[in-house]
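Colleague: I would like to learn how to read side-chain contacts, one kind at a time. Could you take me through them, with the general idea ahead of each case?

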Amino acid sequence: MKPTGVVLALSLALLGGCQSQPAQQAAAVVCDQACQAQQFNQLSQQFIDELWQIAPEWAVYQGKYEFAPMLSLPNEAERQATLAFVAKWRAQLQAVPKAQLPAATQTDQTLLLNLVDSFEWEIRRFKSWQWNPSQYNVGGVFGRVLSEQWGSEEQVLQAVLQRMQNVPQYYAIARTNLTNPTKEHTELGILQNQGSLQLFSPELLARAKASDLSFDDKANFEQRFLASRQAISSYIAHLEQRLQQMETTPGRSFRIGETLYEEKFALDIQAGMSAKQLYQRAVQDKDKAQQQMVKITEQLWSKYFSKPMPTDKLLAVRQLIDKLSAAHVERENFVSEVRQQIPELVQFVNQHDLLTLDPTKPLVVRETPAYMRGFAGASISAPGPYDNGGNTYYNVTPLDNMGAEEAESYLREYNHWVLQILNIHEAIPGHYAQLVYSNNESSSLVKSLFGNGAMVEGWAVYAERMMLEQGYGDFEPELWLMYWKWNLRVICNTILDYGIQVRGMTEEQGMDLLVNQAFQQQTEASQKWRRATLSQVQLTSYYSGFREIYDLREALKQQQGEDFQLKQFHQQFLSYGSAPVKEVRSLMMSN
Ligand code: ZN
Ligand code: ZN
């Protein structure tokens, strides 16, 4: 925000002939929207600074390495400190009259209030600190501190030395917190802490010994290093023991049930409908997508097969998808093919006047740097909020490290058609374009830290459909068939998540949904099943964001009739930054 608002307000107060009034009061009267926004931005900066004090691990993940030495303990005192933070900031944030703020700042206020609500809900209602053993793991931050280049070798090792001090206490508290763990999260806790144990390796100790740390620090380092290893090992042993006990006395169910699910959905997604309503929409959309796929299959069948089409229509769809998946790039051309497609997408967006793409911020496609690999595929990497001047890249991982079979299966998944949809989703006009808009138009630290994930994913999913509707790919039926398969995955994520957590869906039913009704491979489906037993709600974010954006567009078309312009809709929608779609909706529908 520009500081001109305050300066203007003050000078008006001095010149305006109200000397008899206290200057502050007079200034408050003339504080316009820009000035209100500036005051609110100061408040949110203060909020963030205080948040890092009670959540130093989060700060480290955001690139604030000055917090690296601080290990917070998961004890009652920490929970009380969080609740005190919640009470204080809820009052301060609520005291700001929303109507006086500009739209982008209003949504910042909403996001911060939602965040404090989430903190309180987690401690008082969800209580995963009592049942999720995987929540206790020191590895993540140690890994980050050790692998990122943020300071000198001595700074890094000093931070590790400090951080290690209370590791034994940390795990002792974890054990007493866990009054009723689930089997699934206990297994995950074991697995993930085993991974963390590897960080405390002989190499790390050797690194400390070879450093310029003082003699005393080196001795301390070794002692704390061994104590940390010991603490993690015995936590793992403790969890293994509890797992054994669960064979006779079952632990808590991993299914959180309808009440908690609705509450978590409201806080995490911030949608304009309930989880149940979204689930019902998803079931309808699943049927529609399948019907479209059957229609296309009937139309294309004789082009690809000489045998008659099976009477089981979903089986026919599957056979056609299998056939088409053979059309894919050679593995060595994967990255260059992606690189080639980007200008075509830019051209399409420009020619069809869908969105103004800032030509000064072209998308840079690069091979994923080695230190970021681990997952195959493509991703957008944007600079963090504290990483000024960083570039935005479209990272595409070459298939170098895959065996022949793995590469073939991957290439079939990202076949000729799906690869185009992926590029729309990740790059243009999906995530990358959204990111450029959110950084330009209503950039705020609040939104880059606590932005609404459903809006961000929903936009990318919306972009896929919108591009095809506008004629990208020339309405080729093969492309549409693959699109529906891709879209069906998003839809079924919602059905699966709600089904498992609320409706008691069994593994058999879940696998049937993903494999037989959504045409997924067995491996992908079983990974998804596992993910949906360990997390809740997050899997619905793609579909819920998409559904709400699409619905908003259709509602505005109705309202504006012939005046509706797609480009105008896109630009206005994106101008609010990563705010919940329901907030954007109320801002756009009222104008
Ligand atoms: Zn092949
Ligand atoms: Zn995405």
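Colleague: Let us begin with salt bridges: how far apart are the closest N and O atoms of Asp551 and Arg547?

Modeller: The general idea is that side chains of opposite charge can pair when their charged atoms come close. In this model, which is predicted, Asp551 forms a salt bridge with Arg547, and the closest N and O atoms of the two are 3.0 Å apart. Both residues belong to helix H26, where they are 4 residues apart, about one turn of the helix. Salt bridges with shared partners extend the picture, since Arg281, Asp285, Lys288, Arg547 and Asp551 are joined into one network. Arg547 itself counts as buried, at 8% relative accessibility.

Colleague: How many salt bridges are there by this rule, and which residue pairs with Lys183?

Modeller: The count comes to 27 salt bridges. Lys183 pairs with Glu187, with the closest N and O atoms 3.4 Å apart, and because the two are 4 residues apart in helix H11 (residues 183–197), about one helical turn separates them. Lys183 is partly exposed, with a relative accessible area of 42%, and Glu187 is likewise partly exposed, with 37%.

Colleague: And where in the chain do Glu413 and Lys485 lie?

Modeller: The side chains of Glu413 and Lys485 meet in a salt bridge at 3.7 Å, N to O. This pair links distant parts of the chain, with Glu413 in helix H18 and Lys485 in helix H23 (residues 477–501), 72 residues apart. Are these two residues buried or exposed? Both Glu413 and Lys485 are buried.

Colleague: Let us turn to aromatic rings: why is the pair of Phe546 and Tyr550 given its particular class?

Modeller: For a pair of rings, one reads the distance between the centres and the angle between the planes, and an angle that is neither under 30 degrees nor over 60 makes the pair tilted. The structure holds 34 aromatic pairs. In the case of Phe546 and Tyr550, the centres are 5.8 Å apart and the planes stand at 50 degrees, so the pair is tilted. Because these residues are 4 apart in helix H26 (residues 541–560), they too are separated by about one helical turn. Phe546 is buried, with a relative accessible area of 1%, and Tyr550 counts as buried at 12%.

Colleague: Which residues form one aromatic cluster with Phe546 and Tyr550?

Modeller: The cluster consists of Trp459, Tyr462, Tyr543, Phe546, Tyr550, Phe564, Phe569 and Phe573. Tyr550 also has a charged partner, as the charged end of Arg465 sits over its ring, 5.3 Å from the centre. A further case of a charge over a ring is Arg366, which lies over the face of Tyr393 at 3.8 Å from the ring centre.

Colleague: Now the metals: what are the protein donors of the zinc ion (ligand 2), and how do they follow one another along the chain?

Modeller: For a metal site, one reads the donor atoms and then the angles among them. The protein donors of the zinc ion (ligand 2) are His425 (NE2), His431 (NE2) and two OE atoms of Glu457, lying 2.1 to 2.7 Å from the ion. Along the chain these donors follow the spacing H-x5-H-x25-E. The angles among the 4 donor atoms run from 51 to 154 degrees, and the site is irregular. His425 is buried, with a relative accessible area of 8%, and His431 is buried as well, with 11%.

Colleague: What are the protein donors of the zinc ion (ligand 1)?

Modeller: They are His328 (NE2) and two OE atoms of Glu408, lying 2.1 to 2.5 Å from the ion. This pair links distant parts of the chain, 80 residues apart, with His328 in the loop between helix H16 (313–324) and helix H17 (334–351), and Glu408 in helix H18 (residues 404–413). Glu408 counts as partly exposed, at 37% relative accessibility.

Colleague: Finally, why is the disulfide of Cys31 and Cys35 assigned its handedness?

Modeller: Handedness is read from the torsion about the S-S bond, and here that torsion is about -110 degrees, so the disulfide is left-handed. The structure holds 1 disulfide, which joins Cys31 to Cys35 with an S to S distance of 1.7 Å. Cys31 is buried, with a relative accessible area of 11%, and Cys35 is buried, with 2%.

Conventions. Residues are numbered from 1 along each chain as its sequence is written. Chains are lettered from A and ligands numbered from 1 in the order in which they are written. This is a predicted model: local features need pLDDT of at least 70, side-chain atom pairs count only at pLDDT 80 or more; totals for chains, interfaces and linings use all residues. Side-chain values use heavy atoms; hydrogens and water are left out. A disulfide is a pair of cysteine sulfur atoms within 2.5 Å. Buried means under 20% relative accessible area, exposed over 50%, partly exposed in between (1.4 Å probe, protein chains only). Rings of Phe, Tyr and Trp (its six-membered ring) pair if their centres lie within 6.5 Å; planes under 30 degrees apart count as stacked, over 60 as edge-to-face and the rest as tilted. A charge sits over a ring if NZ of Lys or CZ of Arg is within 6 Å of the ring centre and within 35 degrees of the ring normal. Donors are N, O and S atoms within 2.8 Å of the metal (3.2 Å for Na, K and Ca); water is not among the atoms, so sites may look incomplete. Four donors count as tetrahedral if all angles lie between 85 and 135 degrees; four count as square planar and six as octahedral if opposite donors are over 155 degrees apart and all others between 65 and 115; anything else is irregular. A salt bridge is a side-chain nitrogen of Lys or Arg within 4 Å of a carboxyl oxygen of Asp or Glu.
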